[in-house]
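Here is a quick walk through a model, from the whole chain down to a metal site and a few backbone oddities. Keep the viewer open as you read.

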Amino acid sequence: MSHFRIKCRGCGTVLEDTYCAFCEHCRGSLLYTEYTDRTLSIMDGKEIWRFNWLPVHGASFSQPGPVVYRSEALAGYLGLSNLYIAFSGYWPERGGNLLTCTFKELEAAVVVQNAMENGVRGLVVASAGNTARAMAHLSVVSGFDVVVVVPTMCLLDMWYPKGAEGVPTVALTDGDYSDSIDFARRLATHLGQPFEGGVKNIAKRDGLGVVLLEAVAVIGRLPDHYFQAVGSGTGAIGVWEMSERLLRDGRFGRHLPVLHLSQNLPFAPMTRAYQRGERELRRDELDPSLIPLITTRVLSNRYPAYSVIGGVYDALRATGGRMYGVENQEVYRWMELFEGLEGVDIVPASGVAVASLEQAVRQGWVNRGETILLNITGGGEGRVKRETGVSEVRPIYVSKETPVEEVEEAIFSLKNSS
Ligand SMILES: *Cc1c(COP(=O)(O)O)cnc(C)c1O
Ligand SMILES: [Zn+2]
């Protein structure tokens, strides 16, 4: 018997465990995982697989987790006495061993293991950034087939960890991000593979919820407050869902952590909607012309899981949460300050989260003695690049009009030549 079931938040229907199940009645609501075991159990070791609350039956490859530790320097600077940092990235002295440098690697690991167990033979992912790198890396680690599709204009900032350069990466010469998504869908269909599923994939959310499980393993209780920068909302929803399980367990506290979520101004559709108290996002606030004005492309998602039942709006409401907007110069300032204080470089999205914590302290939304978890969703890129070296992406260039049969052949010959 399986140790979990998949349930619809809208109608309560229990669905069969298939890769990325959907409820046919409720298109506007998310499914979630219900684990038979109401108590968290943690096996020995350091890997993420030691937690019982993951939608997988085994582990076909090894996967390190985030590092959670109690901050002294940043905590002192902000005048906080119980600040914990969850760091997803490369920071060997602290035990940080995520070579792709963001929490997308946790998500990717659980997605790949779950997909393999459900008989999925491969996945096509449209991403220009951290998800692409994480999936490419996991493909190498697990032997699972992954094809990445990106718009050519995004290739410039892309890098893979050493060894992942052979993962097929299709670059669209004449398309933007939404064209890449369309192309990825067509290619997946042609290859007989399911779509990756985005936020609707329970394995993604539970994989990101590992951050909270690690935190509880270190702190011994649920934090009072949780800080994270959000793009699609997947990570924050995953943490909220995990906190509900931990509350039900009973040993880790009596309150859900308050979610403090942040976005980079001026593209901050969820921040704006929540500050108005609305479940609906406004079209003018999703304007793509705002995206080039922010420093954090990973937070520029134009279809976030905000309004959907069981999404970010519900998570904020359930926890009495808040949303913050952070200007570019504040992002840079806090990236630098963080590195100076804690001793590791962080990605801009993490700078957004740190800046939001400072705002919350200054505005009195947290008490200085409360237990706070700051999710540093990515860091150590600078160190990985200097110390282990990274690889350039070697793309297969195609146009939107290129027939998928030709792309399949190019992928096939790439694999046979490497
Ligand atoms: C994707 C990403 C985020 C945002 O996470 P969502 O789950 O999309 O809300 C934040 N930080 C980093 C480093 C990311 O890669
Ligand atoms: Zn339903």
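## The chain as a whole

The chain's secondary structure comes to 12 helices and 16 strands; helices (H or I, at least four residues) and strands (E, at least two) are DSSP runs, numbered from the N terminus. Bear in mind that this is a predicted model, where local features need pLDDT of at least 70, side-chain atom pairs count only at pLDDT 80 or more, and totals for chains, interfaces and linings use all residues. As for bookkeeping, residues are numbered from 1 along each chain as its sequence is written, chains are lettered from A and ligands numbered from 1 in the order in which they are written, and side-chain values use heavy atoms, with hydrogens and water left out.

For 418 residues, a compact globule would have a radius of gyration near 22 Å, and the chain's 20 Å agrees with that. (That radius is taken over C-alpha atoms, and the globule rule is 2.2 Å times the number of residues to the power 0.38.) The C-alpha trace spans about 60 × 50 × 45 Å along its principal axes. Of the 418 residues, 59% are buried, where buried means under 20% relative accessible area, exposed over 50%, and partly exposed in between (1.4 Å probe, protein chains only). Among contacts (heavy atoms within 4.5 Å) with a separation of 6 or more, 72% are between residues 24 or more positions apart.

## The zinc site

Which residues hold the zinc ion (ligand 2)? Its protein donors are the SG atoms of Cys8, Cys11, Cys23 and Cys26, lying 2.3 Å from it. Donors here are N, O and S atoms within 2.8 Å of the metal (3.2 Å for Na, K and Ca); water is not among the atoms, so sites may look incomplete. The donor residues follow a C-x2-C-x11-C-x2-C spacing in sequence. Cys11 and Cys26 link distant parts of the chain: Cys11 sits in the loop between strand E1 (4-8) and strand E2 (14-15), and Cys26 in the loop between E2 and strand E3 (31-35), 15 residues apart.

The 4 donor atoms subtend angles of 106 to 114 degrees, so the arrangement is tetrahedral; for four donors, that label requires all angles to lie between 85 and 135 degrees. Cys11 is partly exposed at 38% relative accessibility, whereas Cys26 counts as buried at 16%.

## Two covered helices

Helix H2 (residues 104-117) has 14 residues and reaches 20 Å from its first C-alpha to its last, close to the 20 Å expected at 1.5 Å a residue. (The expected span is 1.5 Å times one less than the number of residues.) H2 is largely enclosed by the rest of the structure, because 12 of its 14 residues are buried. The cover includes strand E5 (83-91), strand E7 (122-126), helix H3 (130-142) and helix H5 (202-219). Right after H2, Gly119 takes a positive phi of about 75 degrees.

Helix H6 (residues 234-249) should span 22 Å with its 16 residues, and its end C-alpha atoms are 23 Å apart, which agrees. In H6, 13 of the 16 residues are buried. Gly250 follows H6, with a positive phi near 95 degrees.

## Backbone oddities

Most residues other than glycine have a negative phi, and most peptide bonds are trans. Cys101 is not a glycine, yet its phi is positive, about 70 degrees. You'll find Cys101 in the loop between strand E6 (96-97) and H2, buried with a relative accessible area of 0%.

Leu265 and Pro266 are joined by a cis peptide bond, with omega about 10 degrees. Pro266 lies in the loop between strand E12 (258-264) and helix H7 (269-276).

Technical notes:
Tetrahedral: all angles 85-135°; square planar, octahedral: opposite > 155°, others 65-115°.
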